Amino acid sequence: MRDFDRFLLTVVYDIPLLLFVVDPESGEIVYANQHTRSTLGEHCVGRSFAEVFPAGGGSHYFVSYTQRQDGDQDAAPPLRSEYYDDDSENWYHVLQRSIEWADGSSKYLILLNEINALKRLQKDLSEAHAAVAFKNRELEHAAKTDRLTHLYNRRHLDAILEQEMVRFRRFCKPFSLLIVDCDRFKQVNDQHGHQVGDIVLVHLARLLATGVRATDTVGRWGGEEFLIVLPETHLRSAALVAEKLRQSIDQHEFPVIGHITSSFGATELRGDEDIKDLVARADAALYKAKHNGRNRVEVMS
Ligand SMILES: Nc1nc2c(ncn2[C@@H]2O[C@H](COP(=O)(O)OP(=O)(O)OP(=O)(O)O)[C@@H](O)[C@H]2O)c(=O)[nH]1
């Protein structure tokens, strides 16, 4: 047994952890192993724990542990926590427990295990998580956005239309649809080049997006065609929105080309049809607007 005690003493002394014993009354370190002595200084035994670990660390952990004892030291479970030492810039895992000392008095055993590598790993991991989450959000955004105009793309418009259809069937919420097409847009490209055409589309997109309510959805349906979903809107109101947008385009000063007009087809979902029927009817209304001279809104109920 003596041999075993010696063995334990050697292990405790040589183990590469900060291991020391503190007197609960005075807060004084009464024992420190080799690693503690070489880290905190040969003369740390006899000094106060709070003094050895300034910056609140030592006193904070020691005091909080003392308070947790509630007078019943035997029943107190070991306290595990993490502690950052400002002076040495080290992170420690701290374990504190109440022990009976050789003279029968009660002491605190404190074990500090340096965990800088673990903390670095945790930091790297959380940064990597944040980067992945950011990238995912970017990808999600890109998957539903048109690159030129930054409006929703056709794929996302399809999803919005499906969603509105569900709301219509479930809650009988009406919704209307506008299709917008830039008039004689081919001439813009032919006369001024594709790049100018692109700039015109970007301006158009902005006029449409800023001319509707936040609850409406504007997207690029394809080419120089845009689609606007107006939830909880009947056809009469939809036609008014379309007319307002038509006028704002008509009055806008576009770069290079100056003036351009647009035609609108407006329709409202009926109870007995699907999305395809709805879009086809909006298209037919648009065709009518083109046929009747462009720069106008046509409505089909
Ligand atoms: N610059 C540019 N042009 C596009 C884009 N997508 C489609 N277009 C052009 O839009 C033009 C559409 O022409 P048309 O379908 O003949 O229609 P339009 O000239 O607007 O005539 P109407 O619709 O009858 O008034 C074509 O010249 C397409 O090349 C785009 O992303 N950028």
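**Ligand shell and largest pocket**

Biologist: Which atom of the ligand does N189 approach with its side chain?
Modeller: In this predicted model, a polar side-chain atom of N189 is 2.9 Å from a nitrogen atom of the ligand.

Biologist: How much of the ligand does the protein bury?
Modeller: The ligand taken alone exposes 660 Å², and the protein buries 68% of that.

Biologist: Which elements give two or more residues to the shell around the ligand?
Modeller: They are β6 (175–182), α7 (185–192) and α8 (194–210). The largest share comes from α8, with four residues.

Biologist: And which residues come nearest to the ligand?
Modeller: There are 16 residues around the ligand, and R184, F185, D198, R220 and K290 come nearest.

Biologist: How does the shell divide into nonpolar, polar and charged residues?
Modeller: Nine residues of the shell are charged, four are polar and three are nonpolar.

Biologist: What lies 3.4 Å from an oxygen atom of the ligand?
Modeller: That is an N or O atom in the side chain of E224. In the case of C182, a polar backbone atom is 3.0 Å from an oxygen atom of the ligand.

Biologist: Turning to the largest pocket, what is its volume?
Modeller: The volume of the largest pocket is about 260 Å³.

Biologist: Which residues line the largest pocket?
Modeller: The lining consists of L8, L9, V12, L19, V21, Y31, I99, W101 and L109. These divide into nine nonpolar, no polar and no charged residues.

Biologist: Which element gives the most to that lining?
Modeller: α1 gives the most, with three residues. Both α1 (2–14) and β1 (18–22) supply at least two residues each.

Conventions. Residues numbered from 1 in each chain as written. Predicted model: local features only at pLDDT ≥ 70, side-chain atom pairs only at ≥ 80, totals over all residues. Heavy atoms only, no water. Near = heavy atom within 4 Å. Polar contact = N/O pair within 3.5 Å; in protein donor to acceptor, adjacent residues only side chain to side chain. Areas by Shrake-Rupley, 256 points an atom, 1.4 Å probe, with all protein chains shown as cover. Nonpolar A, V, L, I, M, F, W, Y, C, P; charged D, E, K, R; others polar. 1 Å grid on protein atoms, 1.4 Å probe; cavity = no way out; pocket = protein on both sides within 12 Å on 5 of 7 lines; lining within 4 Å. Points joined across faces, edges and corners; volume = space filled by probe spheres on them.
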